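This report introduces a protein model to a reader who has not met it before. Please look over the sequence and the structure shown below before reading on.

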Amino acid sequence: MTDETIFAEWREAMVIEQIERRGIRDPRVLEAFRRIPRHEFVPPALRSRAYDDGPLPIGKGQTISQPFIVALMTSLLQLKGDEKVLEVGTGSGYQAAILSLLAKWVYTIERYDVLARRAEATFKRLGLKNITVICGDGTLGYPEVAPYQGIIVTAAAAAPPPPLLEQLDEGGRLVIPIGDYLGQILQVWTKSGGRVDYEDILPVSFVPLRGRYGWSPQAWERYEENDFEADE
Ligand code: SAM
């Protein structure tokens with residue numbers, strides 16, 4: 001058996017056992033996870049673990065998220081295929097690649113140039129042409145082509161960055177983990193009639209969102225240090 005055949009088998013098992021069995025049933029979402037080769041988005045030394053049920057390191061202290069969480073966040077956007085989507089936190093590019101099969105165009109912002117360039121090279125290698133990679137502070141959004149029908153933030157914020165709520169289209173959905181070092185709640189924010197409202201989905205654990213409307217290293221690390229004292 002070739003490596004690609006083995007990866008395809010592991011990928012099918014990931015879709016059935018980690019995603020479908022946990023309640024993600026949208027056939028378009030499941031098909032996207034069958035088509036995107038996750039092993040292309042992890043460091044070569046970790047390829048044998050690419051279809052494991054958890055996050056993996058990708059360099060710069062960052063991670064590619066657990067497949068189920070990527071699938072859940074994707075399905076919460078409720079994409080039909082004609083949307084413009086903004087992702088904050090490109091990381092490996094895996095989430096953006098999945099979204100590119102479900103939306104019209106994906107704009108994805110990463111603060112580390114090395115990760116942005118690597119993700120861009122991966123998209124090119126896989127022939128994914130409807131993704132624009134931007135290197136910069138994603139908490140400011142990307143007003144040049146706003147509004148977006150879907151926005152997804154793949155790092156933990158204390159609150160939704162105001163520019164992202166502004167750049168959300170009427171009827172659009174923003175999926176974002178809200179919380180601190182001790183943990184976050186995945187939330188879906190919707191805009192209708194100019195009003196925004198949110199719904200809590202489930203507890204998650206993400207690396208911090210940085211930048212203008214993100215966590216400062218001092219605030220996040222202070223939390224980390226005071227971890228146990230806070231529990232007393
Ligand atoms: N979506 C990614 C994937 O599929 O691999 C995983 C993202 S990783 C959990 C979070 C990413 O957010 C990191 O790559 C981090 O550098 C990035 N990030 C954090 N704050 C950011 C900001 N203000 N603007 C852009 N990217 C940011």
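Does R125 count as buried or exposed? In this predicted model, R125 counts as exposed, at 51% relative accessibility.

**Salt bridges**

Side chains of opposite charge can pair when their charged atoms come close. A search of the whole structure finds eight salt bridges, including the three in the table.

| Salt bridge | Closest N to O distance |
|---|---|
| E12 and R34 | 2.8 Å |
| R47 and E40 | 3.3 Å |
| R125 and E40 | 2.9 Å |

The side chains of E12 and R34 meet in a salt bridge. Because E12 belongs to helix α1 (residues 3-20) and R34 to helix α2 (residues 27-35), this pair ties together parts that are 22 residues apart in sequence. E12 is partly exposed, with a relative accessible area of 32%, and R34 is also partly exposed, at 29%.

E40, R47 and R125 are linked in a network of salt bridges. Within this network, E40 counts as buried at 17% relative accessibility, whereas R47 is partly exposed at 28%. R125 forms a salt bridge with E40. R125 lies in helix α5 (residues 113-126) and E40 in the loop between α2 and β1 (56-59), so the pair ties together parts that are 85 residues apart in sequence.

**A nonpolar surface patch**

On the surface, Y181, L182 and Y223 form a nonpolar patch, and together they have about 260 Å² of accessible area. Y223 is part of helix α7 (residues 217-231). The relative accessible area of Y223 is 32%, and this residue is partly exposed.

Note on methods:
Residues are numbered from 1 along each chain as its sequence is written. This is a predicted model: local features need pLDDT of at least 70, side-chain atom pairs count only at pLDDT 80 or more; totals for chains, interfaces and linings use all residues. Side-chain values use heavy atoms; hydrogens and water are left out. Patches are made of residues with over 30% relative accessible area and no salt bridge: like charges are joined within 9 Å, nonpolar side chains (Val, Leu, Ile, Met, Phe, Trp, Tyr) within 5 Å. Accessible areas come from the Shrake-Rupley method with a 1.4 Å probe; for residues, only the protein chains shown count as cover. A salt bridge is a side-chain nitrogen of Lys or Arg within 4 Å of a carboxyl oxygen of Asp or Glu. Helices (H or I, at least four residues) and strands (E, at least two) are DSSP runs, numbered from the N terminus. Buried means under 20% relative accessible area, exposed over 50%, partly exposed in between (1.4 Å probe, protein chains only).
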